[in-house]
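Please examine the sequence and the three-dimensional structure shown below. The report then considers selected helices and one residue in detail.

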Amino acid sequence: FLKMLKDEIYVVMLMGFNPGILNQELWPGIYDKIKAVKDATDGKVKVMIDGGVKFYTAKALQSAGADYLVGGSSTIFHSGGTIDENVKKINEVLNG
């Protein structure tokens, strides 16, 4: 299906866990899904991950081919820091 649409769509959003429940762990099969989207679209379609994005999962998601990571209560709005501190931290995780 994605092969047919690869020239018509720009991004596919994949859920990293079941929506509506906070603080779940990232679904391990998400890495295979990222690869499947990239393979099916010859890398033309961007992949966005929503859910399960944490400071310790972000780099692996990026390395697997995710182009966009949706930040939420486990990153940007994490209670361990201010928004500015958390944005800096996630940028350091992703960019070294």
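The following paragraphs describe two helices and the surroundings of a lysine in a predicted model.

**Helix α2**

Helix α2 comprises residues 30-40, and its buried residues are Ile 30, Ile 34, Val 37, Lys 38 and Ala 40. The elements covering these buried residues include α1 (2-5), β1 (11-15), β2 (46-50) and α3 (58-64). After α2 comes Asp 42, which has a positive phi near 55 degrees.

**Lys 38**

Lys 38 lies in helix α2. Is Lys 38 buried or exposed? Buried means under 20% relative accessible area; Lys 38 has a relative accessibility of 18% and therefore counts as buried. Apart from neighbours within four places in sequence, Lys 38 is in contact with Gly 43, Val 45, Lys 46, Val 47, Gly 65 and Asp 67. Two of these residues appear again in the table of distances from the side chain of Lys 38.

| Partner of the Lys 38 side chain | Distance |
|---|---|
| Val 45, backbone oxygen | 3.3 Å |
| Asp 67, side chain | 2.6 Å |

**Helix α4**

Helix α4 (residues 83-95) contains 13 residues, and the span from its first C-alpha to its last is 18 Å, close to the expected 18 Å. Its buried residues are Asn 86, Ile 90 and Leu 94. Viewed down the axis of α4, these buried residues fall within an arc of 70 degrees, so they line one face of the helix. Asp 84, Lys 88 and Asn 95 are exposed on the other side of α4. The cover over the buried residues of α4 includes α3 and β3 (68-70). Just after α4, Gly 96 adopts a positive phi of about 80 degrees.

Technical notes. Residues numbered from 1 in each chain as written. Heavy atoms only, no water. Buried < 20%, exposed > 50% of the residue type's maximum accessible area, 1.4 Å probe, protein only. Helix = DSSP H or I, 4+ residues; strand = E, 2+ residues; numbered from the N terminus. Contact = heavy atoms within 4.5 Å. Polar contact = N/O pair within 3.5 Å; in protein donor to acceptor, adjacent residues only side chain to side chain. Expected span 1.5 Å × (residues − 1). Arc of directions from axis to C-beta.
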